[in-house]
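Me: I'm new to this one and would like a close look at a single part. Here is what I'm looking at.

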Amino acid sequence: MSAQSPHDGPKMDAALYPELSPDAGDAGAGLRRFAAAAGITLAPLHVTEWASAPHGPVTLVVKADRGIVRVALERDRREIQVDLTMPWLGAALSGHAETLTDVAQALDDWQRGDALTVIAGRRGWLAASPRAVAHEEGRTVEYAWDVARAATAGQWNGPLVEGAYNTPELRQLAPFVTHGTLTFHRSPMPPFSHDLFEIGPAENDSWRVGSRQTPLGTHTVVTTVAEAIALVVEALPPDCNPAVQASDSELDQLPKRVSHVASFASFL
């Protein structure tokens, strides 16, 4: 049995990526080499490519504690796309790097746990996700309201969202607008609570108020936004405290505890 070459990964065009010549075009080996030269220890890294698309990008995947980093190198042109993602939140930072040294430095920032705004400021080619920044700064509920209000501004359900936003008991909860229905949750991140009343459209410009756990036929229909909001507030449980976002360590445990809500990773 022959020994495996250290450069057995998919090969990049030396004309497009001349810095990988010492690595026989192996992007994974090249990134490891540039990181080592900078004194950076990378988290486990593996290389993927599409067998059905031999001219498609080669992707380096680094699985750090904080989240996954994907570095895609195009084969038909020089382009290095970098995406850093966090559990349940999705996109945190993204951009196009000029060199693999840039990638290694950004990975070092990421693995150290530097703030997203700090990394984006230090690495001008990276842009931070507003949602991820809001989570990191403990503003996820406020951000959810900003998204809901912006999405419905000037729309038929805009007055509903604004009315709920201006109601203290509801403003402390996490709102989401989906298919015209305004829902409220005790947490702005998974696992979402679905035990609170929601408000949706009904016939003749009316509003339907009720719980997701009950049939639509049992929901109350009212004619004004004020009536709908009042019903939701009245039905709030006594223990309904302000929404509190989970910590990163708690989110890390979610796949083990609540695997069935994985599809909510990029809900907003």
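Me: Is glutamate 198 buried or exposed, and what is around the sheet with the helices on it?

Reply: A word on the model before the close look. It's a predicted one, where local features need pLDDT of at least 70 and side-chain atom pairs count only at pLDDT 80 or more, while totals for chains, interfaces and linings use all residues. Residues are numbered from 1 along each chain as its sequence is written, and side-chain values use heavy atoms, with hydrogens and water left out.

Glutamate 198 counts as buried, because its relative accessibility is 11% (buried means under 20% relative accessible area, exposed over 50%, partly exposed in between, with a 1.4 Å probe and protein chains only). You'll find glutamate 198 in strand β9, residues 198-202 (strands are DSSP runs of E with at least two residues, helices are runs of H or I with at least four, both numbered from the N terminus). Leaving aside neighbours within four places in sequence, glutamate 198 is in contact with Thr181, Leu182, Thr183, Arg208, Val209, Gly210 and Arg212 (contact means heavy atoms within 4.5 Å).

Now the sheet. Six strands form an open sheet in the order β1-β2-β3-β4-β5-β6, with antiparallel pairing (two strands pair if DSSP finds at least two bridges between them). β1 (45-49) and β6 (126-128) are at the edges with a single partner strand each, so one side of each has no neighbour in the sheet. β5 (residues 90-97) pairs with β6 over three bridges, and glycine 95 sits opposite leucine 126 in β6.

As for the helices, α1 (residues 27-37) lies across β1, β2 (58-63) and β3 (68-73), at about 150 degrees to β1 (axes are lines fitted to C-alpha atoms, for helices over the stretch in contact, and angles run from 0 to 180 degrees between N-to-C directions). Helix α2 (residues 100-112) packs on the sheet too, touching β2, β3, β4 (80-86), β5 and β6.
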